[in-house]
Amino acid sequence: MGASMPVAAEPGFAVLQLAAGARAAALGQATTALVDATAAAANPAALGVGRTTALSHTQWIGDVRHEHASSTWGSVDGGRYGVELLLSHAGDLERRVGPTDQSLGAFGVYEWTAAVAWSRPLGDHLRGGINGKYARQSIDTESASGGAVDLGLQYSDGPWWLGAALRNLGRMNNLSRQATELPLQLSLGVATLRGPLLLSTDVHWTRDVDTTVHAGLEYSPRTHLLLRAGYQSADTRNLSLGLGVCTGPWRVDYAYAPFSSGLGQAHHLSLVWSANGSAKGDR
């Protein structure tokens, strides 16, 4: 059985290397230090304040799609909580045995996680967080399950935020004869807000993947508009662009990220709702 998949084979569950949501994609995945409705996916210590809900869809390259749903709640100075669901799926992949042009039919690949996150103050400016997740993987008729934990820290002082996260610390059961290796990742990030301009930068060390540098810029020329750009030193993608439009408690985010080597482009769309009356975020 063989198929050409536009995701990394080593390690598996490549979608877990990505921060969720169109805002994160537009900022080049430089979100370890940032608070947002989908922050648990990047750093469980940076959960959003108050009640927020976010839904995201990603049209990845090839036939790969990502779906993400999350909800957070909690206070400024106390505990914060979050739940999230993540699904990566691809269908109609051709099955072959050995190098041949003759297809033996089609199959699908499904990877999903369900997670619960919690963060609490560790000092006047420091928060810690933990995210526990159940993972499930299905390829054709084979399936496997497992679990992982994310750990995070976030320090804030005035217009500065610092973040650190250790993600995907866990394991999977055997899929057929071998277990999929989760993408263990250490991320360090710093962000600052200067008037209408937000700047962020990250460094990601991922097991069996080259170290990557990430940078993002978010500019608010008007109350209801956010313009974004990002860069990352990944092998197949570098630049990204996006925007956010806010109206009352709602925010719609879009991001565009082209790939090199003729792989195409990714499109990300998110809808964010905030109960505090402003979905612009803690920027």
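## Strands and hairpins

Two strands pair if DSSP finds at least two bridges between them, a strand being a DSSP run of E of at least two residues, numbered from the N terminus. The model is predicted, so local features need pLDDT of at least 70 and side-chain atom pairs pLDDT 80 or more, while totals for chains, interfaces and linings use all residues. Residues are numbered from 1 along each chain as its sequence is written, and side-chain values use heavy atoms, without hydrogens or water.

Let's start with β11 (197–206), which has a partner on either side in this list. Strand β10 (residues 185–194) runs antiparallel to β11, and ten bridges hold the two together. One of the paired positions is Arg-194, whose bridge partner in β11 is Leu-197. The two strands make a hairpin with two residues between them, and Gly-195 in that turn has a positive phi of about 65 degrees.

Then comes β12 (209–222), also antiparallel to β11, with nine bridges between them. Here Leu-199 stands opposite Leu-217 in β12. β11 itself has two faces: Leu-198, Ser-200, Asp-202, His-204 and Thr-206 are on the covered one, whereas Leu-197, Leu-199, Thr-201, Val-203 and Trp-205 are on the uncovered one.

## Two odd phi angles

Most residues other than glycine have a negative phi. Asn-168 goes the other way, with a positive phi of about 65 degrees. Asn-168 belongs to strand β7 (residues 160–172), and its relative accessibility of 0% makes it buried (buried is under 20% relative accessible area, exposed over 50%, partly exposed in between, with a 1.4 Å probe and protein chains only).

Asp-208 also has a positive phi, near 65 degrees, without being a glycine. Asp-208 sits in the loop between β11 and β12, in a hairpin that has two residues between the strands. Unlike buried Asn-168, Asp-208 is exposed, at 53% relative accessibility.

## Where Trp-160 sits

Trp-160 is another β7 residue, partly exposed with a relative accessible area of 40%. Past its neighbours within four places in sequence, Trp-160 has contacts (heavy atoms within 4.5 Å) with Tyr-155, Val-190, Ala-191, Thr-192 and Arg-194. Take Val-190: it is 30 residues away from Trp-160 in sequence, yet their C-alpha atoms are 7.4 Å apart.

## Nonpolar inside and out

The largest nonpolar core (buried Ala, Val, Leu, Ile, Met, Phe, Trp, Tyr and Cys joined through side-chain atoms within 4.5 Å) has ten residues: Phe-13, Val-15, Leu-16, Leu-86, Ala-135, Ala-144, Ala-148, Met-172, Leu-175 and Leu-182. Apart from it lies another core, this one of seven residues, including Leu-18, Ile-61, Val-64 and Ala-266. As for Leu-175, leaving out residues up to four places away, it touches Gln-137, Ile-139, Glu-142, Ser-143, Ala-144 and Thr-180.

There's greasy surface too. Twelve names are on the roll: Leu-55, Leu-199, Leu-217, Tyr-219, Leu-227, Leu-243, Val-245, Trp-250, Val-252, Tyr-254, Leu-269 and Leu-271 form a nonpolar patch with about 970 Å² of accessible area together. (Patch residues have over 30% relative accessible area and no salt bridge, with nonpolar side chains joined within 5 Å and like charges within 9 Å; areas are Shrake-Rupley with a 1.4 Å probe.) Two or more patch residues each come from β12, β14 (239–247), β15 (250–258) and β16 (265–274). The largest share, three residues, is from β15. Leu-269, in strand β16, is partly exposed at 46% relative accessibility.

## Salt bridges

The whole structure holds six salt bridges, each a side-chain nitrogen of Lys or Arg within 4 Å of a carboxyl oxygen of Asp or Glu. Lys-133 pairs with Asp-150, with 3.0 Å between the closest N and O atoms. The two are 17 residues apart, with Lys-133 in strand β5 (residues 126–139) and Asp-150 in strand β6 (residues 142–157). Lys-133 is buried at 10% relative accessibility, and Asp-150 is buried at 1%.

Glu-181 and Arg-207 meet at 3.8 Å, N to O. That pair joins the loop between β9 (178–179) and β10 to the loop between β11 and β12, 26 residues apart. Glu-181 is partly exposed at 31%, and Arg-207 is partly exposed at 31%.

Arg-228 and Glu-218 form a salt bridge at 2.5 Å, N to O. Arg-228 lies in strand β13 (residues 225–232) and Glu-218 in strand β12, so the bridge ties together parts ten residues apart in sequence. Arg-228 is buried, at 3%, and Glu-218 is buried at 0%. Through shared partners, salt bridges join Arg-23, Glu-218, Arg-228, Arg-251 and Asp-253 into one network.

Definitions and conventions:
Helix = DSSP H or I, 4+ residues; strand = E, 2+ residues; numbered from the N terminus.
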